[in-house]
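Open the model in your viewer and set it to a cartoon display. The stops below go from one selection to the next.

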Protein chains: 2
Amino acid sequence: MNRQAAGRNMRITIKDVAQMAGVSPSTVSRVLAKDPRISPVTAEKVRQAIQATHYHPNGIARSLVRKASLTIGFSVAQPADQAFASPFVAEALRGAATVAQRNGYYLMIFTAPTLAEERHHSLTLYREGRIDGVILTTARVHDTLLDDLRKEGLPFAVIGRPTGRQVTYWVNNDNVGDAKAATEHLLRLGHRRIGLITGPRQFVVTQDRTRGFRLAMEEAGASPRLLPHAAGPFTEQGGYQAAAEIIRRQPDITALLVTDDVMAVGALRALADAGRRVPEDVAVMCFNDSPLASAAHPPLSAVRIPMYELGARATELLIAVLEGHPPWPGHILLPADMVLRASTGEPAGDAPATAGTVTAGAAGSTAKIPEAAR
Amino acid sequence: MNRQAAGRNMRITIKDVAQMAGVSPSTVSRVLAKDPRISPVTAEKVRQAIQATHYHPNGIARSLVRKASLTIGFSVAQPADQAFASPFVAEALRGAATVAQRNGYYLMIFTAPTLAEERHHSLTLYREGRIDGVILTTARVHDTLLDDLRKEGLPFAVIGRPTGRQVTYWVNNDNVGDAKAATEHLLRLGHRRIGLITGPRQFVVTQDRTRGFRLAMEEAGASPRLLPHAAGPFTEQGGYQAAAEIIRRQPDITALLVTDDVMAVGALRALADAGRRVPEDVAVMCFNDSPLASAAHPPLSAVRIPMYELGARATELLIAVLEGHPPWPGHILLPADMVLRASTGEPAGDAPATAGTVTAGAAGSTAKIPEAAR
DNA sequence: TTGAAAGCGTTACCAG
DNA sequence: CTGGTAACGCTTTCAA
């Protein structure tokens with residue numbers, strides 16, 4: 001209650017400026033809008049008055065008349081207890097914030113533990129006129145969310161690859177190709193019995209990486225029915241249990257592909273607990289490459305997902321849409337690098353002091369994954 | 001250009017609802033506000049119309065007349081290249097988002113690489129009426145920012161301990177006491193030659209933790225002039241170099257207190273490169289306890305800073321201020337736990353599968369740090 | 001080149 | 001209990 005009482009004392013308005021400059025509010029507005037048909041001399045007078053009064057146009061009033069909030073929503077669709085625990089979302093958010101700011105947009109974030117809440121918050125914010133569009137950070141497989149947003153006319157961009165045939169703006173890395181490349185690397189190292197550990201199966205990213213893994217394995221002659229695969233939540237715990245399960249079911253695996261680095265840390269612990277040495281007994285390769293990967297023991301080889309870039313590009317897409325220049329094609333595939341470290345028995349893929357700054361091809365320790373064909 | 005063209009097609013307004021219900025807009029507004037002196041029958045009619053039309057009040061118009069945006073700004077004051085790299089800010093943000101949402105506030109985030117930008121963005125957003133208050137995530141030692149915000153009447157809350165005698169709303173852990181306790185723990189383990197590694201000295205948090213370290217060391221009889229201390233940026237690289245420097249200057253240290261876990265990972269590498277075993281040759285204790293600490297090798301003992309909680313409580317403080325209930329006292333000190341792991345030669349402070357879930361006192365491996373006297 | 005006036009969608013005061 | 005009306009601060013016709 002009493003929310004407006006918070007002492008927002010009478011601020012300077014366009015009228016004050018107009019009065020001081022001896023012109024009408026319309027004129028001040030035109031100067032602000034850099035209307036060319038304003039005489040240089042009045043424009044100067046107005047500018048002086050603006051300076052003198054420290055005038056700042058009220059953005060809310062502007063938004064009301066322009067019917068645009070200049071604000072982009074950023075949905076963090078993760079269980080409340082681990083929302084930003086994922087370095088992935090935090091980095092994407094940073095990219096989004098940077099691009100939004102650079103283009104004169106504001107960024108409003110909200111968390112949505114469930115799909116229903118994500119829908120509700122997105123739509124409500126939009127209906128209330130508080131956001132012009134929204135960035136979604138998760139693509140699920142049977143996802144009605146996107147259709148609901150479309151139905152309301154809410155512009156959005158997705159980080160990830162939405163399924164379905166509707167035109168959608170999205171940015172992603174080529175998860176199928178990247179997982180295939182990572183698996184092929186393990187194959188090239190001589191591994192044949194490779195286990196797969198993934199996050200929950202309802203995410204598109206899980207399916208895509210699984211598919212890439214299978215493609216590589218089948219091309220290498222593995223029987224599709226025998227591929228060991230365990231799934232779990234995107235947590236260390238989830239990785240631990242998945243790895244334990246695989247070791248139990250297939251004690252003879254010599255390599256593990258883990259589609260998340262947080263999970264990989266858990267997998268490392270499971271291997272240690274099972275008395276397997278990494279990389280001597282079991283090689284481990286993971287995805288994402290947050291700082292966790294290089295800090296782990298042994299340091300984890302990883303497919304480095306350009307998380308910041310994904311957030312940045314998604315925001316660019318959305319802004320283009322909002323400004324009436326819908327981009328074509330509406331989606332972007334970002335290339336990913338592979339960083340090779342000790343967990344696959346290779347030389348450290350890092351520059352001596354900082355993790356994660358080596359670019360593709362440097363010192364033979366990172367490898368560019370070819371951008372997938374469309 | 002053409003920002004408003006983004007197809008926000010004529011939405012339903014309060015007038016449409018009023019017409020459909022056969023009442024005046026004022027009445028609809030009153031129903032929305034749950035004004036008690038509205039007849040049940042009209043209220044019902046109005047509610048029906050609202051249902052039928054899927055009406056959602058325009059938040060921008062509301063904000064304009066109420067002179068309150070219901071939006072809280074969240075300033076991420078870190079160099080652009082590492083804004084959320086710090087798990088610290090990401091967690092605090094998560095806490096802030098949760099509390100804001102629960103109280104009907106929106107959260108607008110912005111990044112500010114420099115102090116000047118932080119001031120500029122905060123003030124501009126406020127002057128434009130886009131935010132009602134702001135959460136600051138960094139307290140610097142000679143900080144004119146807070147005074148500037150005060151001068152403009154911008155309500156704010158700080159995560160960290162601002163210096164200066166002005167009344168300020170802030171939340172922090174007791175860094176002096178926590179650093180003292182951590183140091184005392186090392187002393188208790190028998191260490192006498194302990195090195196200190198901190199972030200940049202202009203941060204209050206650096207000064208406080210340094211002070212706690214010195215207090216403990218001096219009480220233990222160490223000469224204040226001989227305490228080895230190296231500072232660097234909050235990065236792995238920074239930690240590496242600081243540790244290397246200390247080892248060079250004081251080759252005989254047996255323990256290291258590092259005031260940040262990202263830096264501690266770098267310090268671990270420096271120690272490894274110097275051929276020192278952890279914990280046998282050098283024990284390492286750090287702060288924060290993000291997932292990095294438990295994934296490191298060896299797992300790092302750490303003072304666990306309640307990052308989520310800090311963000312949550314700061315937001316609660318600010319909301320109380322915004323709603324006209326300025327809390328007393330205006331600051332909160334949150335207790336911190338100590339998690340003991342292998343880097344100080346102790347048993348793992350973690351439950352077998354998940355890191356960081358043990359509470360104080362459990363299994364003798366975590367220790368409650370007594371809440372400091374005011 | 002400039003001003004007056006009509007909105008944008010709400011809320012809130014003042015009558016009745 | 002309810003309606004009319006005047007704001008809130010700005011932009012944008014329409015006239016001049």
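Two strands count as paired when DSSP finds at least two bridges between them. Keep in mind throughout that this is a predicted model.

Start by selecting the strands of chains A and B. An open sheet of 12 strands appears, with mixed pairing, in the order β11(A)-β5(A)-β4(A)-β3(A)-β1(A)-β2(A)-β2(B)-β1(B)-β3(B)-β4(B)-β5(B)-β11(B). At its edges stand β11 (331-334) of chain A and β11 (331-334) of chain B; each has a single partner strand, so one side of each is left without a neighbour in the sheet. From one strand to the next, the twist averages 20°.

Next, select residues 106-111 in both chains. These are β2(A) and β2(B), which pair in the antiparallel sense over three bridges. Pick I109(A): its bridge partner in β2(B) is L107(B).

Now add two helices. Helix α13 (307-322) of chain A packs on the sheet and touches β1, β3, β4, β5 and β11 of chain A, its direction making about 165° with that of β5(A). Helix α6 (115-127) of chain B lies across β2 of chain A and also β1, β2 and β3 of chain B, at about 150° to β2(B).

Finally, show DNA strand C. It is surrounded by 26 residues, the closest being T27(A), R30(A), T42(A), I14(B) and S29(B). Select S26 in each chain: a side-chain N or O atom is 3.2 Å from a base nitrogen of the DNA strand for S26(A) and 3.3 Å for S26(B). At R62(B), a polar side-chain atom lies 2.7 Å from a phosphate oxygen of DNA strand C. Which element gives the most to the surface near DNA strand C? That is α4(B), with four residues.

Conventions
Residues numbered from 1 in each chain as written. Chains lettered and ligands numbered in written order. Predicted model: local features only at pLDDT ≥ 70, side-chain atom pairs only at ≥ 80, totals over all residues. Heavy atoms only, no water. Axes fitted to C-alpha atoms, helices over the stretch in contact; angles between N-to-C directions. Contact = heavy atoms within 4.5 Å. Near = heavy atom within 4 Å. Polar contact = N/O pair within 3.5 Å; in protein donor to acceptor, adjacent residues only side chain to side chain.
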